Amino acid sequence: MRTRSVRALAAGVVALALALAVVPALHAADKNKRKQLDLTWTAPDFAARGIHGIAMLPPSSYDRNHVAEKLAAGLWGQALGNVNYRWQSPTMVQALMEGPAADSLLQRAEASVLQRGRVDSLLAPGLCATLRTDAVLSLRLDRWEQIEMEYNQAGRPSTTVQVTAALVDAHGHVVWTAAGSETGEGPYHDPNANVLGVTSSDLTNKPLTGQGGAPAFAEVATRLFTRWAPLFPAPPADSAAASH
């Protein structure tokens with residue numbers, strides 16, 4: 001009886017050890033999956049909606065970060081490449097939305113994007129009519145954050161980009177959405193690294209160790225948009241002819 005109990009205990013210890021070994025691996029895999037989780041949706045009847053032209057509105061951010069908004073617009077355009085839609089860039093949209101009425105419409109559209117993550121269905125028809133297009137695309141910058149290590153901190157600096165996008169047609173119907181985030185990490189920062197110099201700011205002196213910082217926003221956002229680009233719906237078969 002005693003031998004059987006010892007064997008049972010040993011088997012239990014081995015099983016527990018195996019379980020504990022698997023948990024970190026599963027946790028790491030789950031963490032990586034969450035890190036690059038994108039939620040995209042396309043209307044099943046997208047091809048039948050006859051969308052030949054798309055106007056991309058200026059991206060919106062909660063903190064009115066115009067530098068980030070401009071960068072995001074450019075990077076999305078680069079990732080999307082040469083599409084066969086009649087494409088209007090944010091710069092073209094702003095140029096066309098002249099006059100008090102048009103400017104007010106654009107401001108209301110921005111407010112709805114910040115609130116809902118898309119252009120309001122009641123505003124989309126007016127926007128499309130003013131811009132003479134079939135659909136409007138919006139980007140909302142939900143998170144645009146960079147974390148750098150202090151000279152006496154240990155860890156990895158990081159850059160995180162989180163975006164919500166939506167395409168709404170001239171009838172106010174949502175026909176495509178995407179939401180996701182990407183985080184990039186810099187090299188490990190060692191607070192005990194050799195000091196190469198000293199910098200003065202805010203009336204304090206901080207040592208410089210020459211260690212790498214967080215990745216650039218352009219690098220991280222490009223990875224996110226590159227994943228999204230193949231998921232953007234293709235235009236109807238006759239869009240190429242309609243654009244010429």
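A residue is called buried here when its relative accessible area is under 20%, exposed when that area is over 50%, and partly exposed in between. Keep that in mind for the views below, and remember that the model is predicted.

**View 1. Helix α4 and its buried residues.** Helix α4 covers residues 100-116, which makes 17 residues. From its first C-alpha to its last, α4 reaches 24 Å, close to the 24 Å expected at 1.5 Å a residue. Look for Ala102, Leu105, Leu106, Ala109, Ser112, Val113 and Leu114, which are the buried residues here. What sits over them? The cover includes β3, α3 (90-96), α5 and β5. Just past the end of α4 you'll find Gly117, with a positive phi of about 85 degrees.

**View 2. Helix α5 and the side that is buried.** Four names to spot in α5 are Ala124, Leu127, Cys128 and Leu131, and they are buried. Why do they count as being on the same side of α5? They cover an arc of only 95 degrees around the axis, so they end up on the same side of the helix. The general rule behind this kind of pattern is that an α-helix has 3.6 residues a turn, so residues three or four places apart point the same way. The elements covering the buried residues of α5 include β2, β4, α3, α4, β5 and β6.

**View 3. Two arginines with a positive phi.** Most residues other than glycine have a negative phi. Arg64 isn't a glycine, yet its phi is positive, at about 55 degrees. You'll find Arg64 in the loop between β3 (60-61) and α2. Is Arg64 buried, exposed or partly exposed? With a relative accessible area of 43%, Arg64 is partly exposed. Arg132 also isn't a glycine and has a positive phi of about 55 degrees. Arg132 follows α5, in the loop between α5 (124-131) and β5 (135-147). Arg132 has 75% relative accessibility, so it counts as exposed.

**View 4. Strand β6 with its partners β5 and β7.** Strand β6 runs over residues 158-169, and eleven of its twelve residues are buried, so the strand is largely enclosed by the rest of the structure. β6 pairs with β5 in the antiparallel sense, over twelve bridges. To line those two strands up by eye, find Glu145, which stands opposite Thr160 in β6. β6 also runs antiparallel to β7, and eleven bridges join them. A handy marker for that pairing is Val163, which stands opposite Gly180 in β7. How many residues lie between the strands in the hairpin of β6 and β7? There are four, and Gly172 in this hairpin takes a positive phi near 85 degrees.

**View 5. Aromatic rings that pair up.** The structure holds eight aromatic pairs. Start with Trp76 and Trp176: their ring centres are 6.3 Å apart and their planes are at 25 degrees, under the 30 degrees used as the cut-off, so the pair is stacked. Trp76 belongs to helix α2 (residues 66-80) and Trp176 to strand β7 (residues 174-185), so this pair ties together parts that are 100 residues apart in sequence. Trp76 and Trp176 are both buried. Now try Tyr85 and Phe232, whose ring centres are 6.2 Å apart and whose planes are at 80 degrees, over the 60-degree cut-off, so this pair is edge-to-face. Tyr85 is in the loop between α2 and β4 (86-88), while Phe232 is in the loop between α6 (217-228) and α7 (239-242), so the pair ties together parts 147 residues apart in sequence. Tyr85 is buried at 5% relative accessibility, and Phe232 is buried too, with a relative accessible area of 7%. Step back and you'll see a cluster, with ring pairs linking Trp76, Tyr85, Trp176, Phe225, Trp228 and Phe232.

**View 6. Two separate nonpolar cores.** In soluble globular proteins, nonpolar side chains tend to be buried together. The largest nonpolar core here has 31 residues, and those touching the most other members are Trp76, Leu167, Phe225 and Phe232. Which elements give two or more residues to this core? They are β2 (53-56), α2, β5, β6, β7 and α6. For one residue's surroundings, take Phe225: leaving aside neighbours within four places in sequence, its contacts are Ala72, Leu75, Trp76, Ala79, Leu139 and Val163. The second core is separate and has 17 residues, among them Leu106, Val119, Leu123 and Val168.

Key
Residues are numbered from 1 along each chain as its sequence is written. This is a predicted model: local features need pLDDT of at least 70, side-chain atom pairs count only at pLDDT 80 or more; totals for chains, interfaces and linings use all residues. Side-chain values use heavy atoms; hydrogens and water are left out. Rings of Phe, Tyr and Trp (its six-membered ring) pair if their centres lie within 6.5 Å; planes under 30 degrees apart count as stacked, over 60 as edge-to-face and the rest as tilted. Buried means under 20% relative accessible area, exposed over 50%, partly exposed in between (1.4 Å probe, protein chains only). Two strands pair if DSSP finds at least two bridges between them. A nonpolar core is a set of buried Ala, Val, Leu, Ile, Met, Phe, Trp, Tyr and Cys residues joined through side-chain atoms within 4.5 Å. Contact means heavy atoms within 4.5 Å. The expected span of a helix is 1.5 Å times one less than its number of residues. The arc is that of the directions from the helix axis to the C-beta atoms.
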